[in-house]
Amino acid sequence: MSSNKKYWKSVEELKVNSPIVETLKQNEFVSDIPTSEFLGDKETLESSSTTRRDFLKYVGFSTAAASLAACEGPVIKSIPYVIQPESIIPGVANYYATTIANGFDFASVLVKTREGRPIQIKNNDLAKTHNSANARVNASVLGLYDSMRVKSAMKGGQEILWSAFDSETNQKLTELKTAGKEIVLFTQTYASPSTSRLISEFKSKYENVRHVVYDAVSESAALDAFEGSYGTRGLASYDFSKAMTIVSVGADFLGDWQGGGFDSGYAKGRVPRNGKMSRHIQFESNMSLSGANADKRVPLTPSQQKQVLSKLYSLVVGGSVSTDLPENINRAVQSAASELKRAGSNAVLVTGIQDVNAQILAFAINEKLNSKAFDTSTPILTRQGNNAAVTKLVADMKAGSVGGIIMSGVNPMYTLPNASEFAEGLAKTELSIAFSMKADETAINAQYIAATPHYLESWGDVEIKKGHFSLMQPTIRPLFDTRQFQQALLIWTGSDQTYREYIKSGWSGGSFNEALQDGVYVSGVLSSAPDGSSTITTDSISGSDSAIAGLSENVESTIGSAGSAARSLASSAKSEGMELSLYTKVGMGDGQDANNPWLQEFPDPITRTSWDNYLTISATDAKGLGLENNHVATGALDGSYADVTVNGVTVKNVPVIIQPGQAKGAIGLSLGYGRTAGLKEEMMTGVNAYPLYQNFNTSQNVTVKKAAGIHEFACVQLQNTLMGRGDIIKETTLEIFNTKDRTVWNKVPTVSLNHEEVEVTSPEVDLWDEFDRSIGHHFNLSIDLNSCTGCGACVIACHAENNVPVVGKEEIRRSRDMHWLRIDRYYSSEDTFAEDDTKKDEFSGLWGDKGSLSGFGELEDPADNPQVAFQPVMCQHCNHAPCETVCPVAASSHGRQGQNHMAYNRCVGTRYCANNCPYKVRRFNWFLYNKNDEFDYHMNDDLGRMVLNPDVTVRSRGVMEKCSMCIQMTQKTILDAKRDGRVIKDGEFQTACSSACSGGSIKFGDINDTESEVAKLMEDDRMYHLLESVGTKPNVQYHTKVRNITEA
Amino acid sequence: MGTITSVTYKKWSISIKFARDFTIGFSRVLMKKPYQSLEENSTNNMKQVIYRHLASKIPYLGLVILLTFSTSLNAQEGNPDKGKTIFNVNCASCHALDRKMTGPMLRNVETRLAEEEGLDREWLNTWIRNSAGMIKSGDAYANKIYNEYNGTAMTAFPQLSDQDITDILAYTAQPAKVVVVDQPVGGSGGGEAAGSVPNKLILGALAILFALLAGALVLVRKTLNRFAEEKGIEAVKKDKRLPIWKAFVQNQFLVLVTVIFFLLASAYFVYGYLSQVGVDQGYMPVQPIHYSHRIHAGESGIDCKYCHSSARVSKHSGIPSLNICMNCHKSIYQVAEKTQQEGIKEYGVDYNAEIQKLYKAVGWDEAEQSYTGVTEPVKWIRIHNLPDFAYFNHSQHVTVAGIDCQTCHGPVEEMEVMYQHSPLTMGWCINCHRETNVNVEGNEYYTKIHDELSKKYGVDKLTAAQMGGLECGKCHY
């Protein structure tokens, strides 16, 4: 029975004769729909000759025509030059020597350009200075093609013409001059003789001018100490290749300590030759790159570092210092001191404590040791900042006594701890100009933004070390309407020279063109540099103004005898609760490259985390504060948040990572993250730690409080320990290496054949038929685990060479990173890897004390102060490659030259190969990473794509990719030789990673050439292959890590 | 008229050889490297400045001689015919009669100089034999001219005798001629049309003939049938047999086989059709400038790598930049009349207009003989497109292997419009790599590898495939 319920829409319907209901019944819509309005005039519609059928015909034809037209291939245009420059041949790369000097990184580099656009940065082999291209310098080429760059001069957010800019600023500057108001030049360290000369000319024209040099991450203490002791404002240069015993107290000299760049010298001394290698003892609080490479690492708080240094001083030089160091540290100090003394002039001590006294002690110890590695005659000039001058400037600005400020290469609104005070002062100036590539935090607060060119579009000269000059030359025509700071100074001083002419006119060191071609010039007599160059550099900085002179006198008064310095240092070492050590990451530096996706995605060598900065804390402290790290089901890392407070300044919601090796009572946080202006939203990662960088001191007393919430990290390596798998990283001690046979410390795994142990490399137990590779080239890559410091320059070089895409934080978190070359970092679970091996070997049964069930669980946790090992892993190019056999479409095949080929166009994306790869080096394109708004990194804009290497395919969605052993580079070398009709010499074959490796850890060559270096390395006792027992016979060699753990 | 042109043409090619022996001007100025073939053939089709009014010369000859006699009675007698030859050999690369080129125009130069500057024949003689000396000596007009032409000194011609110079001046003193409309165009066009008409007529006549024959046959058969009917002869009736199509339908096996055959055949054709998707063999787009490879590479015999020079050292063959074109086209601003007619007739192209397009793109002001600086790059349409994932290097094939361009690009020297000759498929590449022996002689790089490989394969010559030229990674990375 059907229901006779009556449904009603409105009460009105219930009334019997409602007119509204009646109307609604007739009309579907309450009011007329104005069809004629959008269909057009009814009359014209009716009079139209197009009938309905005609209309359908038209639709049909046009659809057919459109689809037919779509079938046609695209018409591709080729547009040649009208007048081709002589030096450019399409398809042939040109190389230019130039110099990066962005205030944080200084290095002589070689720039590879194709069709007039720079695509890669390489090391300049002619450069004699210590600096080589690190990861950031390698990535700097992408900064050129940054879509967020300022494209012309700007005033109040509007683009203006340079002519308008000139007339307005000239007028303003003249007004300031006549009013007698002070003009401040607030710049980065330029270390440029010409710039110094220009600034002094600017000063003499505008009279009341102050030049303040500002380094975002200050080395002022070391500079003050050096200036006080040796008269020049510079940094002592160290050549670690000459040191057999290296003691570092809180100095991450493999990172960015004092401008960085010491790693290649260090790496040279780390390879055992004639039974000897350097010994490295590190006292530090954060786990740094240097600590990770040390033979002995002592974790301790920053205040304890001061005591350690004082104590070392008293033990090595003399005098007495009272310390209250714990017993184990005390012992370590004692032994370090005796090792220093024994090594004598072969020893060196460095310290990163931001305290003038500490730096003076380091000088005193090195002088006492008469250290060969310590050089004060050619100081490094790449840091010139003066804390006191900067502090005074901010105070003066706040007081309103600064009339105009011209900033260049600095971003104080972001990097100053008291940025708000600076902002207040900035508002009080009558003229503020920011020379900047980006509309960054400072530039948007300035009246004018003067768009500057990238260093690859600029001219310049740099004195990296005293007497060591490097030239900067444009490698591309300026992309935008930009002007460099120096050019503006020239215009303001009324000169009509270009900056190039200006540099050339001041050049007195030999042929300018030759120096330009080489990129570097070393003046013959180092103490007296070419005419009026370095003298002016020092002049302008040390005597930059009278106020600073007064301040530096204060500094000098504190520089008494080193003995009293030791005492005051020891007494100043007091700790209150937790101590924070601020540091810079290898990938991010001071934060000026934050909009560089390569660097954002570059995993930190220690934590292996990308796209973030975080608080590193020891496991014990984390437990005490209730902070935790969790691995979630997707295989990603989550961490708690903490609020960090220094002197009432709180940085909220800092994600926490529990860091093995972090000293108890000490935490670490990196600078350079948390940028908010002038970068894409994706790049606004991490928290800004600069507010905690008070008094420009990297160590601070802090209080840490747990905050609510869980942070999602993008960490590429969750497996922290080696689990006792000695066949992945083989290592031994120097003593065993020197005394025992190879079979003891580098044993080839064996299998049983007819009840006899046979080496797995033996052909008898091989399942595979051997390829004949005796003819032609047979490439091998050799990686020395001893000299690899984990710096990661190779990772970025690989990105640039091979068009490796950036996938973003979310995808990294899903373990979909695309790095062809990764640097695995392993911690030991016990104090050393050797103990791990022993522990694993001694497992018996499942249960009990030595049971494997609980034992393996324990092995997963790294020790409080673990040993660390780095291992670069890329495709191993197995001669018996497991990936090749499982590919259903033969997209992966083997070449006679030893390379495992990957034909992208053949790949259908089954991913069998990745599953079957024992090294997990294959990378799958889960998405289209280019021209895709979902992945808004450099490959998504026309400008960013200019960095792509035209010789390497840009991979599409759904295909597998992996390291090709830079086959495009080997093929090019071969072709060049064929064209010239000559035999290839050793060293000509290179890969991106091997040429980027300044420490000489990665070597590449042809093992069929028996004279080649890799062929010899192949026969080296330390050589082994990764997971040899699998029988893949890789073409990548590893060299056993040898640790010099012998206590003296 | 045609015959006359060809006669002078022969004369010209002799004179060009002569020019190579005695002058340094022409070939060195035009191109940096002496391309023998270019020099010898450069005039085949391009009409050189030198003799562009040639065609209409003859009818005026008498008049000219008359004029020469009447106007320069006191001057030495010059032979304009001879003068022309000497002019073409020595002067034409920099001078034209009615047109400013590298040097000034020379029509009536003697009278002009005499009237305007008061300079006599002696001055001219000295200038022609040693202009640099005159400039140095500080002669006012010499310096004026020198500066007017951007300090380009005139080549000295000490070898010219007084008589030679007189001849040349006689030639330059000839009055300009009115351009005569070329009559043969219409004439020969008509001739061709006339030639094609008979063919059609013959065909039509044949068709009618066949139709008549067929009609006659039908009539004959009808008539015969009628006779037979009348005579009462019954045509033999065939047995009513099963029609063949019915038999076929009934034979299921045959049907099955046929269906399978048709399926296979259609699959074959569908496969063939799909295989050619993306293969642009024969692709022949219309280019923004009608550039004839036939004229340049074929008739003029310019080496491919003169323009496509990067093919020797780079992966790209390179489309020549416009300054390369201007190396020659600075002086070649028109094609020969014959070539022009040929272009219009056979290809519908006005070659001279195409040269003007080049001038426009490169910003060349013909009147001023200078670059205006206003350029508009030519957007050529790319014909040979390898996909991004395939790496191909021209220098490997051109320089190392020494393969002719034509091996892959076909008879370019015959192509009026460039097209894609080869399929550029992977199979095509592979085939060649299988069949082609590597050119190892005299290349030190190959010495060791060749010895070892030939031992391994037991052959003396090695194909690219044996050298590893079939490996995926050699082309795909």
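Two strands are said to pair if DSSP finds at least two bridges between them. Helices (H or I, at least four residues) and strands (E, at least two) are themselves DSSP runs, numbered from the N terminus. With that in hand, let us walk through this structure, starting inside chain A.

In strand S12(A), Lys296(A) is the bridge partner of Ile281(A). S12(A) covers residues 296-299, and four bridges join it to S11(A) in a parallel run. What you are looking at is a predicted model: local features need pLDDT of at least 70, side-chain atom pairs count only at pLDDT 80 or more, and totals for chains, interfaces and linings use all residues. Residues are numbered from 1 along each chain as its sequence is written, while chains are lettered from A and ligands numbered from 1 in the order in which they are written.

**Around strand S11 of chain A**

S11(A) also pairs with S10(A) (residues 245-249), again in the parallel sense, over five bridges. Within that pairing, Phe283(A) is the bridge partner of Val249(A). Helix H9(A), residues 263-270, joins the two strands in a right-handed β-α-β unit; right-handed here says that, with the strands pointing away from the viewer, the path from the first strand over the helix to the second runs clockwise.

How many residues of S11(A) are buried? Six of its six, residues 279-284, are buried. A residue counts as buried if 20 or more other C-beta atoms lie within 10 Å of its own, exposed if 12 or fewer, and partly exposed in between, with C-beta atoms placed from the backbone. Arg279(A), Ile281(A) and Phe283(A) point one way from the strand, and His280(A), Gln282(A) and Glu284(A) point the other way.

**The two chains overall**

Two residues are in contact if their C-beta atoms, placed from the backbone, lie within 7 Å. The last column of the table gives the share of contacts with a separation of 6 or more that link residues 24 or more positions apart.

| Chain | Secondary structure | Buried residues | Contacts 24 or more positions apart |
|---|---|---|---|
| Chain A | 35 helices, 43 strands | 54% of 1048 residues | 75% |
| Chain B | 23 helices, three strands | 23% of 477 residues | 70% |

The radius of gyration of chain A, taken over C-alpha atoms, is 33 Å. The globule rule, 2.2 Å times the number of residues to the power 0.38, gives 31 Å for 1048 residues, so chain A is as compact as a globular protein of that length. Its C-alpha atoms fill a box of roughly 110 × 100 × 75 Å along the principal axes.

**Where the chains meet**

On the chain A side, 39 residues are in contact with 44 residues of chain B. Helix H33(A) gives the most to this side, with six residues. By type, the chain A side divides into 19 nonpolar (Ala, Val, Leu, Ile, Met, Phe, Trp, Tyr, Cys and Pro), 14 polar (the others, Gly among them) and six charged (Asp, Glu, Lys and Arg) residues. Two bridges join S1(A) to S3(B), residues 380-381, and the strands run antiparallel. There, Ser78(A) stands opposite Trp380(B).

**How confident is the model?**

The model scores ipTM 0.82 and pTM 0.81. Chain B averages a pLDDT (the predictor's confidence in each residue, from 0 to 100) of 78, and 79% of its residues score at least 70. Over residues 1-55 of chain B, the pLDDT is below 50. Residues 68-75 of chain B also stay under 50. Where pLDDT is low, the predicted coordinates should not be read in detail.
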